[in-house]
Amino acid sequence: MDVLSLVRENIKRLKPYSTARDEFMGVADVYLDANENPFPSNYNRYPDPLQRKLKDKIAEIKGLPADQIFLGNGSDEAIDLLIRAFCEPSRDSILITEPTYGMYRVCAEINDVTVKSILLTPDFDLDTESVEKQLNPSVKLIFLCSPNNPTGNLLSKKKIVELTQSFKGIVVLDEAYIDFADESGFVSQLASYPNLVILQTFSKAWGLAGLRIGMAFASKEIIGVLNKIKYPYNVNSSTQHLVLEKLHQVKEKNEQVEGIKAERLKVTDELSSIRFVKKIYPSQANFILIKMNQAKAVYQYLINERIIVRDRSAVALCDDCLRITIGTQEENKLLIQAFISYEKSIVY
Ligand SMILES: *Cc1c(COP(=O)(O)O)cnc(C)c1O
């Protein structure tokens with residue numbers, strides 16, 4: 001499959017902006033090429049446009065070549081760039097499987113790209129048959145999210161593979177929460193799927209949401225297209241520096257992930273004995289989706305207790321559901337106490 005034939009014609013023809021740092025990549029004594037202020041500070045120089053040091057370290061950790069990595073201002077940047085690279089405005093479309101992360105739809109709509117939406121099955125897995133019925137040559141991208149936000153479950157690996165193999169466009173698999181899952185995700189199998197793009201982020205397990213950095217993994221051809229159309233200096237120097245430091249603390253990250261998973265179990269356990277809680281969906285992420293009586297009232301009650309959760313009750317298949325992030329032990333205790341006191345306040 002020639003994925004580059006899917007790229008928009010104007011993007012294929014585009015001659016990208018070339019930075020001073022693209023033209024000379026070596027080391028020199030005097031840099032008079034980029035109109036920077038010469039007086040040294042941590043930030044007087046432009047950052048590396050291709051974040052090479054960072055990618056080398058990520059390549060080592062993820063076990064894939066650096067030229068198969070794209071870094072962006074959050075994985076949200078990669079979502080936007082993928083749509084702009086492959087979808088002709090007012091002509092092409094993307095397919096999403098709802099309920100899911102809201103940015104796929106928003107990015108498509110901003111770019112005047114049609115969104116075809118298929119519901120997940122009642123147990124939140126892929127409804128492959130309905131998806132395939134919607135596919136036609138205008139559909140350039142399918143967005144899948146596994147573990148899915150806001151439902152927390154992994155999609156069936158077999159269904160992801162089958163869809164990726166049969167689809168004549170690009171499958172974008174968002175693995176923002178894969179560190180919290182029992183399965184390892186698709187990065188190690190990327191070479192088998194030339195039309196697969198995997199998204200991961202530093203915002204969740206790595207604890208760096210404030211720095212705004214996300215990753216896309218794909219064939220070097222697809223990564224080349226993303227690099228061609230991104231802002232030249234899309235990841236700033238302090239972010240590059242701080243993320244590189246963090247990448248030397250994998251052990252701490254893993255310990256935090258294990259702690260969050262243990263808390264996930266505990267919170268699930270405690271809340272499942274509460275009478276107004278109807279269902280706690282099994283989670284492979286750092287949040288749980290909970291169905292209850294009168295979610296909106298519970299949501300308001302929690303706000304009054306100064307606890308903020310995410311009201312998903314208006315979302316497809318999520319009637320009366322709240323999505324609750326797993327916090328610290330202390331925070332989770334406060335959450336559970338609030339649920340208990342609300343239960344006591346209800347007249348049955
Ligand atoms: C949080 C989240 C992201 C992360 O986006 P960033 O821009 O990297 O912070 C991506 N996808 C999903 C499904 C998410 O929930």
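**Entry 1: β5 and its neighbours**

I started with the pairing of β5 and strand β6 (residues 196-201): they run parallel and are joined by four bridges. For a register check I looked up V171, and its bridge partner in β6 is L196. Note to self: this is a predicted model, so I am reading computed values throughout.

Next I looked up strand β4 (residues 139-145). β4 is also parallel to β5, with five bridges between them. Here I noted the pair L141 and I170, with I170 being the β5 residue. I then followed the chain from β4 to β5 by way of helix α7 (residues 157-166), and the three make a right-handed β-α-β unit.

Is β5 buried or exposed? I went through strand β5 (residues 170-174) and found five of the five residues buried, so the strand is largely enclosed by the rest of the structure. I wanted to know how that splits by face. Side chains in a regular strand alternate between the two faces of the sheet. In β5, I170, V172 and D174 sit on one side, V171 and L173 sit on the other, and all of them are buried, so both faces are covered.

**Entry 2: the ligand**

D174 came up again when I turned to the ligand. Which residues come nearest to it? There are 14 residues around the ligand, and D174, Y177, T201, S203 and K204 come nearest.

I then pulled out some polar distances. For D174, a polar side-chain atom is 2.6 Å from a nitrogen atom of the ligand. For T201, an N or O atom of the side chain is 2.6 Å from a ligand oxygen atom. S75 uses its backbone instead: one of its backbone N or O atoms is 2.7 Å from an oxygen atom of the ligand. How much of the ligand does the protein bury? On its own the ligand exposes 390 Å², and the protein buries 94% of that.

**Entry 3: V250**

I looked up V250 next and found it in helix α10 (residues 250-272). Its relative accessible area is 27%, so I put V250 down as partly exposed, since the cut-off for buried is under 20%. What does V250 touch, leaving out residues up to four places away in sequence? I get I61 and W206. The W206 contact made me check the spacing: V250 and W206 are 44 residues apart in sequence, yet their C-alpha atoms are 8.6 Å apart in space.

**Entry 4: the β8-β9 hairpin**

After the parallel strands I wanted an antiparallel pair. Strand β8 (residues 277-280) and strand β9 (residues 287-292) pair that way, over three bridges. The connection is a hairpin, with six residues joining β8 to β9. For the register, I noted that V277 is opposite M292 in β9.

**Entry 5: D311**

Last lookup: D311, which is in strand β10 (residues 310-311). Its relative accessibility is 18%, so D311 counts as buried, the cut-off being under 20%.

Where does its side chain find polar partners? I found a polar contact of 2.6 Å with the side chain of K296. The side chain of S313 also makes a polar contact with that of D311, again listed at 2.6 Å. Leaving out residues up to four places away in sequence, D311 touches K296, Y299, C321 and L322. K296 therefore goes into my notes twice, as a polar partner and in the contact list.

Methods:
Residues are numbered from 1 along each chain as its sequence is written. This is a predicted model: local features need pLDDT of at least 70, side-chain atom pairs count only at pLDDT 80 or more; totals for chains, interfaces and linings use all residues. Side-chain values use heavy atoms; hydrogens and water are left out. Buried means under 20% relative accessible area, exposed over 50%, partly exposed in between (1.4 Å probe, protein chains only). Helices (H or I, at least four residues) and strands (E, at least two) are DSSP runs, numbered from the N terminus. Two strands pair if DSSP finds at least two bridges between them. A crossover is right-handed if, with the strands pointing away from the viewer, the path from the first strand over the helix to the second runs clockwise. Contact means heavy atoms within 4.5 Å. A residue is near a molecule or strand if one of its heavy atoms lies within 4 Å of it. A polar contact is a pair of N or O atoms within 3.5 Å; within protein, one must be able to donate a hydrogen and the other to accept it, and residues adjacent in sequence count only if both atoms are side-chain atoms. Accessible areas come from the Shrake-Rupley method with a 1.4 Å probe; for residues, only the protein chains shown count as cover.
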